[in-house]
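Reader: Before accepting the terms used for this model, I should like to see the grounds for each of them. Please set every value against its criterion.

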Amino acid sequence: DISASDGGAWDPASRAEFDFAAQRSFLAFMAEILAEVRTFMGRHCPVASFCSVTSSFQHDSFLAAVDAKDQPFYTMFVQTHAFLVYLQSLHLYSGGPTPFEEAVRRCLGGEEASRARAAWFDLDV
């Protein structure tokens with residue numbers, strides 16, 4: 001159980017507020033690291049299998065566009081199951097926002113979502 005710095009237990013409202021803030025921070029982080037992925041997608045795959053979506057993703061170009069200090073993280077991240085599922089969703093929802101992008105819009109709203117959406121759809125904000 002999470003306790004406050006004074007040694008007492010957090011009240012449910014404070015804990016819920018903390019949980020929501022942590023979730024928003026995580027969602028904002030994920031939106032930021034995934035924002036440029038759409039621009040490195042190749043041709044649309046008729047079937048969004050792991051093999052087809054990874055072959056259409058311009059892996060080397062994507063990693064070259066990342067800051068050198070961040071490349072070790074991104075090199076490992078693009079090999080995760082979560083990233084492969086995200087690539088699949090980009091193919092399945094190629095005509096519009098993915099469920100993740102919609103969640104970002106609903107949860108973050110405002111300027112954070114606008115920046116992420118602009119990167120996803122190459123818009124000027």
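Author: Let us begin with helix H5, whose buried residues are Phe83, Leu84, Tyr86, Leu87, Gln88, Ser89, Leu90 and His91. The model is a predicted one.

Reader: What makes these residues of H5 "buried"?

Author: The term requires a relative accessible area under 20%. Phe83 and His91 are among the residues of H5 that meet this criterion, and across the protein buried residues make up 33% of the 125 residues.

Reader: How do you know that the span of H5 agrees with the expected one?

Author: H5 covers residues 81-92, and at 1.5 Å a residue its 12 residues should span 16 Å; the end C-alpha atoms lie 16 Å apart, so the two values agree.

Reader: What span does helix H1 reach, and what is expected of it?

Author: H1 (residues 12-34) has 23 residues and reaches 33 Å from its first C-alpha to its last, close to the expected 33 Å. Its buried residues are Leu27, Ala28, Met30, Ala31, Ile33 and Leu34.

Reader: Why is Asp11 said to cap H1?

Author: A polar contact requires N or O atoms within 3.5 Å. A side-chain oxygen of Asp11 lies 3.1 Å from the backbone nitrogen of Ala13, at the N-terminal end of H1.

Reader: What secondary structure does the protein have overall?

Author: The protein has 7 helices and 0 strands, in the order α-α-α-α-α-α-α along the sequence. Among contacts with a separation of 6 or more, 59% join residues 24 or more positions apart.

Key: Residues numbered from 1 in each chain as written. Predicted model: local features only at pLDDT ≥ 70, side-chain atom pairs only at ≥ 80, totals over all residues. Heavy atoms only, no water. Helix = DSSP H or I, 4+ residues; strand = E, 2+ residues; numbered from the N terminus. Buried < 20%, exposed > 50% of the residue type's maximum accessible area, 1.4 Å probe, protein only. Contact = heavy atoms within 4.5 Å. Expected span 1.5 Å × (residues − 1). Polar contact = N/O pair within 3.5 Å; in protein donor to acceptor, adjacent residues only side chain to side chain.
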